[in-house]
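Visitor: Hi, I'm new to this one and would like a short walk through it. Could we start with how the chains meet?

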Protein chains: 2
Amino acid sequence: MESTLSFYTPIADDLRRVEESLSLVAADSEEPIKSLLEHVVAVKGKRVRPSITLLVSEILGCTTDKPVTMGAAVELLHLATLIHDDTVDNAAVRRGRATLSSLWGPEVAVLVGDYLFATSAIHVCNTEDIRVIKGFSRTIMDLSSGQLTEHFMANQWQQTREQYMDRIFKKTGSLFATAAESGALLSGADERVVKAVREFGSNLGIAFQVVDDILDFEGSAAEIGKPVGSDLASGVLTLPALLLVEQYPDDNPVVAVCEGADRERNLERAVDMVRNSGVMAGVYEVADTLRERAIASLAPLPNSDAKRALLELSDFVLERHV
Amino acid sequence: MESTLSFYTPIADDLRRVEESLSLVAADSEEPIKSLLEHVVAVKGKRVRPSITLLVSEILGCTTDKPVTMGAAVELLHLATLIHDDTVDNAAVRRGRATLSSLWGPEVAVLVGDYLFATSAIHVCNTEDIRVIKGFSRTIMDLSSGQLTEHFMANQWQQTREQYMDRIFKKTGSLFATAAESGALLSGADERVVKAVREFGSNLGIAFQVVDDILDFEGSAAEIGKPVGSDLASGVLTLPALLLVEQYPDDNPVVAVCEGADRERNLERAVDMVRNSGVMAGVYEVADTLRERAIASLAPLPNSDAKRALLELSDFVLERHV
């Protein structure tokens, strides 16, 4: 965790307690699960999702411990989905470390993912807030259905921008939305605030995914830890690719990749075209609009250091998050 | 569903509503998930676990709909674990139908399993009973840790009977225990009854698994739908195998299989020895003791048609459950 990032300041203590909870999940388990979980938890992410829960509840003056419990739940769910995604994608490395599935095989990875789903559910239950618990279950549904839809829409270059947006809300936005919303619910905020905060999380999460999809084309392989254009290579059509199809209907390299024609050369062509055409400007515009919508949603919340921190977090998340 | 089985009689209406809930999970989903779930739900199992929840709540005079909701949750969780187990085991067929993973690949199977975990969690949440919800999360943890332990203890012929018992409680007994316990909790039963009913479920579930492990040696390949001795073939040491190791310490074919020596011949030898030695009598004794313990646990419950049905269910489950 980069403790130098200033948006952590108002929630430093609570975030430390989230981190302790995560370590305890491993420490309290029996072998062989213990060692497997230590491997998973040892990779310190930026803890963006729990930070959102904590900052929202800080802004709203929550006085209980529940946001810490919820923060741990949200991160555990995120870790569980990463494990299953890596298993599904056959990924060898995540955040610079070998994945569970590459080290112990997909069987173990599936089951450790399930175990983490369960521990995240137990944490949510400890908030004793039925609405939060229900929202969390709904989110697990969204996350898996988003991934499934992505799988089944592979290589379908005719898909619409709306289908893309719906899909990335499910696979990424839904957990951001829940992280934010639960911070408000656990603070006893009124319905209008709960809704506003959920909107914030949802838009931020979708924007986060759009930026991620930009990086897949614009980043260097070293930065993003995988070959450039690897989404398209595996048939996943992201916004840059879809806009390229829209804007260059003739002899389009994305269409060619999807149809399996001279894949390698066309993949290279697609990456070049995305980088050097007006397409990327359009994608950035979408990300900006989402970011603005996210920030505008926070208007009903009182100004405070915590609110400023949440705005900083939003900027940080959207700048570069790999 | 074999509607002729008499233990269904006192809960026929409720069980029909559980069945409707399961169908709705598919019907209410969007494509492509809808078709995938239809495939999963179309396989009508015996619905033993929801029947336990319904019968317990019937015995205890529950007047709400919550046991129906819980029954659906319990079956959905069971289906989710079957999907992940089949994926982990690379199984091609389940209950006479091709498995999801064999039809659509392990990626889809992992994600559909996750989706079903989530739908089961949503059903549990709809009971609005925090203790039931917490117990359910704990059960998901037990189920996955039981499977993980089985995986990591493969071929370890030195493992003890206690380790085996602990493992099968987790992988099978825990869900039976939760199915029974939640029936009592949702009926507002007192703590003594809740505990007794949980004991019943736990012992019945463990006995169920012991019988399953007997069948792996004693059944015909046609009956059990897989080659005889396939647990041992994949390194899983069940009670018959462990007792064989205990009773024949010298030149033991189970030890030989685990150590990879002339596997095929020794696997055949192991199956023969288990079938034709006193080992099986010992295993049946264990199953009987568990069954008696299960039934004795029901003593505090009032006599009724529903209680008689629950006893019948127990006999049925332990007789032959493939």
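Visitor: So how many residues does the contact take from chain B and from chain A?

Guide: The contact (heavy atoms within 4.5 Å) takes 37 residues from chain B and 37 residues from chain A. Please keep in mind that this is a predicted model, where local features need pLDDT of at least 70 and side-chain atom pairs count only at pLDDT 80 or more, while totals for chains, interfaces and linings use all residues. Residues are numbered from 1 along each chain as its sequence is written, chains are lettered from A in the order in which they are written, and side-chain values use heavy atoms, with hydrogens and water left out.

Visitor: And what area is buried there?

Guide: About 3,500 Å² is buried between chain B and chain A, with carbon and sulfur atoms giving 80%; buried area is the accessible area (1.4 Å probe) that two parts lose on being put together, summed over both.

Visitor: Which residues in chain B lose the most area to chain A?

Guide: Those are B:Leu111, B:Met141 and B:Leu148, together 17% of what that side buries.

Visitor: How many salt bridges are there between chain B and chain A?

Guide: The count is 2 salt bridges, each being a side-chain nitrogen of Lys or Arg within 4 Å of a carboxyl oxygen of Asp or Glu. A:Lys134 forms a salt bridge with B:Glu128, and their closest N and O atoms are 2.8 Å apart.

Visitor: Switching topic, what does A:Glu191 form a salt bridge with?

Guide: A:Glu191 pairs with A:Arg131, the closest N and O atoms being 2.8 Å apart.
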